[in-house]
Amino acid sequence: MRARRALSVSRLLHPGAALRLRRAGIARVLVTGGLARVALRGEITGREADELAAQLRRLVQNGCRHLVVDLSEVTYLARESAGVFFGALRALKDVEGSMALQGACPRSAATLRCLGLGRLTNV
């Protein structure tokens, strides 16, 4: 049985991490072996994009090979910020990993399809 490590915004290893996760729009992260489930919350705009990209890259650098991003609590996904997923895909491709986006509302799913990320989306 694999060990599970759950990281939430309220309980993290160091004090600055919770603030960085909130700035990135990340509500929760659950890591099980090489699989990371990341739940996003609120509006994901260009302001959150840089920090979100850094957090997703950090997960891949720390050994996650498969990434599932839950968008069910996202109220708005800006086109500029959706580009973050391209960077994560590139990092995962280098380590032969995969990514799936799930729970997107119709508006967010339309944005993802418009950018060519529709094949990753499970509404």
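**Figure 1. The whole chain is built from helices and strands.** Count the pieces in this predicted model and you get 5 helices and 6 strands. Trace the protein chain along its sequence and those pieces come in the pattern β-α-β-β-α-β-α-α-β-α-β. The protein chain has 123 residues, and 44% of them are buried. Its accessible surface comes to about 7,200 Å², with 49% of that belonging to carbon and sulfur atoms. Now look at who touches whom: take the contacts with a separation of 6 or more, and 66% of them involve residues 24 or more positions apart.

**Figure 2. Arg-28, Arg-41 and Glu-73 join up in a network of salt bridges.** A bit of background helps here: side chains of opposite charge can pair when their charged atoms come close. Start with Glu-73 and Arg-28, whose side chains form a salt bridge at 3.1 Å, N to O. This pair ties together distant parts of the chain, since Glu-73 sits in strand E4 and Arg-28 in strand E2 (residues 26–32), 45 residues apart. Next, find Arg-41, whose side chain meets that of Glu-73 in a salt bridge at 2.9 Å, N to O. Here too, distant parts of the chain are linked: Arg-41 belongs to strand E3 (residues 35–44) and Glu-73 to strand E4, with their positions 32 residues apart. So how exposed are these residues? Glu-73 counts as partly exposed at 29% relative accessibility, Arg-28 is partly exposed at 35%, and Arg-41 is partly exposed with a relative accessible area of 45%.

**Figure 3. Arg-47 and Glu-48 pair up through their side chains.** The count for this model comes to 3 salt bridges, and one of them is shown here, with Arg-47 and Glu-48 meeting at 3.9 Å, N to O. Is each partner buried or exposed? Arg-47 is exposed, with a relative accessible area of 73%. Glu-48, on the other hand, is buried, with a relative accessible area of 9%.

**Figure 4. Asp-70 is a buried residue with no salt bridge.** You'll find Asp-70 in strand E4, which runs over residues 66–77. Which side chain of opposite charge is nearest to Asp-70? That would be Arg-28, 4.6 Å away. A salt bridge needs a nitrogen and an oxygen within 4 Å, so this pair misses out. Arg-28 does have a salt bridge with Glu-73, though. As for what Asp-70 touches, set aside its neighbours within four places in sequence and you are left with Val-38, Ala-39, Leu-40, Gln-102 and Gly-103.

**Figure 5. Arg-107 is an exposed residue in a helix.** Look for Arg-107 in helix H5, which covers residues 106–114. Its relative accessible area is 56%, and the cut-off for exposed is over 50%, so Arg-107 counts as exposed. How far apart in space are Arg-107 and Leu-77? Going from C-alpha to C-alpha, the distance is 8.1 Å, while in sequence the two are 30 residues apart.

How values were computed:
Residues are numbered from 1 along each chain as its sequence is written. This is a predicted model: local features need pLDDT of at least 70, side-chain atom pairs count only at pLDDT 80 or more; totals for chains, interfaces and linings use all residues. Side-chain values use heavy atoms; hydrogens and water are left out. Helices (H or I, at least four residues) and strands (E, at least two) are DSSP runs, numbered from the N terminus. Buried means under 20% relative accessible area, exposed over 50%, partly exposed in between (1.4 Å probe, protein chains only). Contact means heavy atoms within 4.5 Å. Accessible areas come from the Shrake-Rupley method with a 1.4 Å probe; for residues, only the protein chains shown count as cover. Lys and Arg count as positive and Asp and Glu as negative; His and the chain ends are not counted.
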